[in-house]
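I wanted to go through this model site by site and write down what I looked up. These are my notes, in the order I made them.

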Amino acid sequence: TPLEQQLKDLESFQVIAHRGASGHAPESSMAALELAHAWGVDYLELDIQMTSDGELVAFHDDTLERTSNGEGHINDHTLAELKDLDAGSWFNEENPELADDTFAGAEILTLEEVFNRFGQDARYYLETKSPELNPGVEEALVRRLEAYDMIDTGRVLIQSFDQESLLKIHDLNASIPLIQLVWYYPDENNDERLVEWTGVTPGPDEITDADFQAVADYAVGLGTNYLYDGEPVITEDFVEQAQENNLAVHVYTVNDADEMQHLLDWGVNGLFTDYADRLIELTE
Ligand code: G3P
Ligand code: CA
């Protein structure tokens, strides 16, 4: 079945366009998605949040200031209010060398707009972002995926740092493949020791097969950072051990070609990158 094919594809290397082609165009905009789609990436990655009137939109930050001309928390605004914002001009201002007049006025996209544009012709790697600020996001998301027939057709992965959010998704639809996101960083009291932000696993130095298995009980993979403050937090052994426990390893967010090559040599199963074009060049 298509879903079985999707799971099989996860064993090989996946190019994940982080917020679309966000190194070239405003993140999570239609321009960024169009570009990544045209390159033939394996997944379009988007963070999903909910508006005050219950619509699902693709937006990374909890607040509007960095990537739009709006103010405040995204989930305090209605879709109509968000649709009036300009989520593109900030990119032109910050990246004059990449500026493009057509980016100005870019709209915050609903998930429906994304599905209406790319439909069954793309795969989507959707994150339940800040689920504590977006109550009900799991149910709304699963219902949308079902309505657009994205699950049985093997079109979607759902990722979250929030384990509870992933388990909610599974309660709603057990077929959806899940990725547990983790973020490793030095313990503030002992920087020799790495810990995990949300406590889903112990740090990579202390992790055991049983810890990986506990994640493999509900998820098909782990999404992990590679670096903290320029220093690697995971090793080739970590990658191997995760894979031996049936977890694909996807690493974020890797934009440097040498780092990409290094992780490819380790045999990771995918990379989140703002520059999928660079990654495709290395994998071809
Ligand atoms: O979803 C993987 C990676 O994108 C997690 O970090 O902050 O970019 O969503 P963030
Ligand atoms: Ca993300």
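**Calcium site.** I began with Glu45, and it is buried, with a relative accessible area of 2%. The model is predicted, so I read every value as computed from that prediction. Which residues coordinate the calcium ion (ligand 2)? I found Glu45 and Glu127, each through OE, and Asp47 through OD. The distances run from 2.2 to 2.3 Å. I then looked at the angles among the six donor atoms, and they span 56 to 159°. I noted the site as irregular. Along the sequence the donor residues follow the spacing E-x1-D-x79-E. The pair Glu45 and Glu127 links distant parts of the chain, 82 residues apart. Glu45 belongs to strand β2 (residues 43–50) and Glu127 to strand β5 (residues 124–128). I also checked the accessibility of Glu127: its relative accessible area is 4%, so under the 20% cut-off it counts as buried.

**Aromatic pairs.** How many aromatic pairs does the structure hold? I have 15. I looked up the pair of Phe115 and Tyr124. Their ring centres lie 4.8 Å apart. Why is this pair edge-to-face? The planes meet at 70°, and edge-to-face applies because that angle is over 60 degrees. Phe115 is buried at 2% relative accessible area. Tyr124 is buried too, at 0%.

Phe115 has another aromatic partner, Tyr148. Here the centres are 5.3 Å apart and the planes are at 50°, and I entered the pair as tilted. I placed Phe115 in helix α5 (residues 111–118). Tyr148 sits in the loop between α6 (137–147) and β6 (156–160). The pair therefore ties together parts that are 33 residues apart in sequence. Is Tyr148 buried or exposed? I got a relative accessible area of 21%, so Tyr148 counts as partly exposed.

I also listed one aromatic cluster. Its members are Tyr43, Tyr125, Phe161, Trp197, Tyr252 and Phe272.

**Charges over rings.** I noted two cases here. The charged end of Arg66 sits over the ring of Trp90, at 6.0 Å from the ring centre. The charged end of Arg278 sits over the ring of Tyr275, at 3.7 Å from the ring centre.

**Gln14.** I found Gln14 in strand β1 (residues 14–18). Gln14 is buried, with 2% relative accessible area. What lies by the polar side chain of Gln14? I found the backbone oxygen of Asp9, 2.7 Å from a polar atom of that side chain. I then listed the contacts of Gln14, leaving aside neighbours within four places in sequence. They are Asp9, Asp42, Tyr43, His250, Asn269, Gly270 and Leu271. Tyr43 I had already met as a member of the aromatic cluster.

**Asn75.** This residue is in the loop between β3 (56–58) and α3 (79–83). Is Asn75 buried or exposed? Asn75 counts as buried, because its 13% relative accessibility is under 20%. A polar atom of the Asn75 side chain lies 3.2 Å from the backbone oxygen of Leu133. Beyond four places in sequence, I listed contacts of Asn75 with Gln49, Met50, Thr51, Ser52, Leu133 and Asn134.

**Positive phi.** I looked up two residues other than glycine. Ser130 has a positive phi near 45°. I located Ser130 in the loop between β5 and α6. Ser130 is buried, with a relative accessible area of 12%. Asp229 has a positive phi of about 55°. I located Asp229 in the loop between β11 (227–228) and β12 (231–232). Asp229 is exposed, at 72% relative accessible area.

**Gly223.** My last stop was Gly223, in strand β10 (residues 221–225). Gly223 is buried, with 0% relative accessible area. What separates the C-alpha atoms of Gly223 and Lys129? I got 14 Å, for residues 94 apart along the chain. I then listed the contacts of Gly223, again without neighbours within four places in sequence. They are Ile179, Gln180, Leu181, Val182, His250 and Tyr252. His250 was also on my contact list for Gln14, and Tyr252 belongs to the aromatic cluster.

Key:
Residues numbered from 1 in each chain as written. Chains lettered and ligands numbered in written order. Predicted model: local features only at pLDDT ≥ 70, side-chain atom pairs only at ≥ 80, totals over all residues. Heavy atoms only, no water. Donors = N, O, S within 2.8 Å, 3.2 Å for Na, K, Ca; no water. Tetrahedral: all angles 85-135°; square planar, octahedral: opposite > 155°, others 65-115°. Helix = DSSP H or I, 4+ residues; strand = E, 2+ residues; numbered from the N terminus. Buried < 20%, exposed > 50% of the residue type's maximum accessible area, 1.4 Å probe, protein only. Phe/Tyr/Trp six-rings, centres within 6.5 Å; stacked < 30°, edge-to-face > 60°. Lys NZ or Arg CZ within 6 Å of the ring centre and 35° of its normal. Polar contact = N/O pair within 3.5 Å; in protein donor to acceptor, adjacent residues only side chain to side chain. Contact = heavy atoms within 4.5 Å.
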